[in-house]
Amino acid sequence: MKPFEKKIYLSSPTMHGEELEYIKKAYDTNWMSTVGENINETERLICDKVGCKYAVALASGTSALHLAVKLAGVKPGDRVFCSDMTFAATLNPVVYEGGIPVFIDGEYETWNMDPLALEKAFEMFPEVKVVVFANLYGTPAKMDEIIAICNKYGATIIEDAAESLGATYKGVQTGTFGKYNAISFNGNKIITGSSGGMLLTDDLDAANKARKWSTQSRENAPWYQHEEVGYNYRMSNVIAGVVRGQIPHLEEHIAQKKAIYMRYKEGFKGLPVSMNPYDESIMEPNFWLSCLIIDDEAMCKQVRSDNEACYIKEKGKTCPTEILEKIAECNAEGRPIWKPMHMQPMYRMHDFVTKNGNGRANTNAYIAGGGIDINADIFARGLCLPSDNKMTPEEQDIIIEVIRSCFE
Ligand SMILES: *Cc1c(COP(=O)(O)O)cnc(C)c1O
């Protein structure tokens with residue numbers, strides 16, 4: 001296989017031209033700070049699109065999650081239930097506030113937080129008052145079930161919709177299911193500002209607090225007057241210009257990503273694999289990343305240490321490590337699934353709850369037929385495929401061929 005001349009990325013920014021006009025407008029009018037029309041318009045457009053009352057434009061999705069954790073009232077020593085298989089940014093803000101993440105195992109139907117494990121966790125720690133969950137790779141979590149359990153125990157929900165902007169659950173946009181919600185405009189997300197994020201909420205008081213905290217918590221006074229700690233978290237009007245130019249293209253990006261997902265799905269017919277799943281009857285993901293998971297019986301031996309992986313090739317079988325190697329050889333970019341937090345050196349000692357009760361991070365080796373928790377299993381057998389919306393169908397067909405050849 002001759003490698004692609006131009007690298008095919010996992011998911012890279014796709015610009016359209018309007019972004020430059022809005023940046024130039026900021027420049028020409030000298031609104032080159034954290035105040036200006038681009039910020040106001042971007043907030044308004046996102047409220048319109050998502051259907052929330054207030055959007056606060058911030059420096060990143062992580063800063064939005066941090067302010068969400070503060071708004072939810074997490075105090076030092078508080079346990080907080082968090083998605084386990086996700087980007088660390090979902091829950092690092094809990095730690096910024098001195099909270100203690102308790103990790104909740106996932107399920108096989110959407111790869112998100114398992115309501116059964118969440119229920120178990122509340123039985124073990126009924127005092128917990130905050131739950132942070134993510135919609136992985138753009139697929140909504142099991143909202144009805146998660147919300148019902150949180151309501152039963154009186155817990156506040158923070159929804160991390162950083163990866164799922166534009167996805168819907170029963171016709172409702174993600175980013176609205178928590179009391180406080182975060183989206184991200186990081187460079188690899190479905191639309192981007194090069195960086196940036198937003199806190200979304202229907203609570204005016206919360207939105208005002210977030211706005212104040214994000215601009216160093218100045219009180220209303222002629223001088224710099226402070227009554228509480230503040231942050232430099234506000235979005236720049238230049239970044240907001242990029243986001244503003246991208247918003248009209250959100251649906252187009254989603255359609256492209258969906259076409260990529262469907263082409264993979266079709267291309268893998270007959271192979272012992274499946275794509276990252278979702279419930280077609282109630283949800284429409286934004287298809288941010290296409291992922292696949294290899295059937296148990298088709299997995300060759302694979303072992304991962306903290307920083308290396310190796311495998312033993314077997315006829316007719318493969319593993320994510322081999323597929324990722326082969327994809328990289330043709331100058332395309334794949335990635336392992338988010339490594340679960342309960343397997344991370346940093347969080348290894350934290351509580352981890354599966355639907356069967358307290359789980360333990362046992363081993364990084366793949367054991368056929370389970371014996372490990374669901375998230376460790378998805379991490380062992382799954383991978384993210386090149387999902388860039390500038391990839392052509394011809395290029396994608398070559399990637400599909402390369403993957404098929406791993407099963408020979
Ligand atoms: C990207 C991402 C974030 C963080 O967003 P930034 O804008 O990069 O700070 C948080 N959670 C998840 C699940 C993400 O994918």
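Here are some short exercises with worked solutions on the predicted model shown above.

**Exercise 1. Describe the overall build of the protein, and decide how its radius of gyration compares with the globule rule.**

Let's start with the secondary structure: the protein has twelve helices and 18 strands. Next comes the radius of gyration, which is 22 Å, close to the 22 Å that the globule rule gives for 408 residues, so the protein is as compact as a globular protein of that length. For the outer dimensions, take the principal axes: the C-alpha atoms fill a box of roughly 75 × 50 × 40 Å.

**Exercise 2. Work out what share of the protein is buried, what its exposed surface is made of, and how far its contacts reach along the chain.**

First, burial: 55% of the 408 residues count as buried. Second, the surface: about 17000 Å² is exposed, and 53% of that comes from carbon and sulfur atoms. Third, the contacts: among those with a separation of 6 or more, 70% are between residues 24 or more positions apart.

**Exercise 3. Count the charged side chains of each sign and locate the centres of the two sets relative to each other.**

The count gives 43 positive and 55 negative side chains. The centres of these two sets lie 1 Å apart.

**Exercise 4. Trace the open sheet of four strands from edge to edge.**

Begin with the order, which is 10-12-18-15, with antiparallel pairing. The edges are strand 10 (273-275) and strand 15 (335-336), each of which pairs on one side only. Now look at the strand 15 edge: two bridges connect strand 15 to strand 18 (residues 382-384), and the two run antiparallel. To find this pairing in the viewer, pick Pro-336, which stands opposite Leu-383 in strand 18.

**Exercise 5. Place Ser-290, decide whether it is buried or exposed, and list its contacts beyond the sequence neighbours.**

Ser-290 sits in the loop between strand 11 (283-284) and strand 12 (291-294). Its relative accessibility is 1%; buried means under 20%, so Ser-290 counts as buried. Setting aside neighbours within four places in sequence, Ser-290 is in contact with Ile-260, Tyr-261, Tyr-264, Met-275, Asn-276, Leu-383, Cys-384, Leu-385 and Ser-387. One of these contacts, Leu-383, is the residue that Pro-336 stands opposite.

**Exercise 6. Do the same tracing for the open sheet of three strands.**

The order here is 7-6-11, again with antiparallel pairing. Strand 7 (172-173) and strand 11 are the edge strands, each pairing on one side only. Strand 6 (residues 168-169) is joined to strand 11 by two bridges in the antiparallel sense, and Tyr-169 stands opposite Met-283 in strand 11.

**Exercise 7. Explain why strand 1 is described as largely enclosed, and identify its partner.**

Strand 1 covers residues 54-58, and four of these five residues are buried, so the strand is largely enclosed by the rest of the structure. Its partner is strand 9 (residues 197-201), which runs antiparallel to strand 1 and is joined to it by five bridges. A handy pair to check is Val-56, which stands opposite Leu-199 in strand 9.

**Exercise 8. Place Lys-6, classify its exposure, and find its separation from Gly-73.**

Lys-6 belongs to the segment before helix 1 (18-28). At 70% relative accessibility, where exposed means over 50%, Lys-6 counts as exposed. Finally, Lys-6 and Gly-73 are 67 residues apart along the chain, and their C-alpha atoms are separated by 48 Å.

Technical notes:
Residues are numbered from 1 along each chain as its sequence is written. This is a predicted model: local features need pLDDT of at least 70, side-chain atom pairs count only at pLDDT 80 or more; totals for chains, interfaces and linings use all residues. Side-chain values use heavy atoms; hydrogens and water are left out. The radius of gyration is taken over C-alpha atoms; the globule rule is 2.2 Å times the number of residues to the power 0.38. Buried means under 20% relative accessible area, exposed over 50%, partly exposed in between (1.4 Å probe, protein chains only). Contact means heavy atoms within 4.5 Å. Accessible areas come from the Shrake-Rupley method with a 1.4 Å probe; for residues, only the protein chains shown count as cover. Lys and Arg count as positive and Asp and Glu as negative; His and the chain ends are not counted. The place of a charge is taken as NZ of Lys, CZ of Arg, CG of Asp or CD of Glu. Two strands pair if DSSP finds at least two bridges between them.
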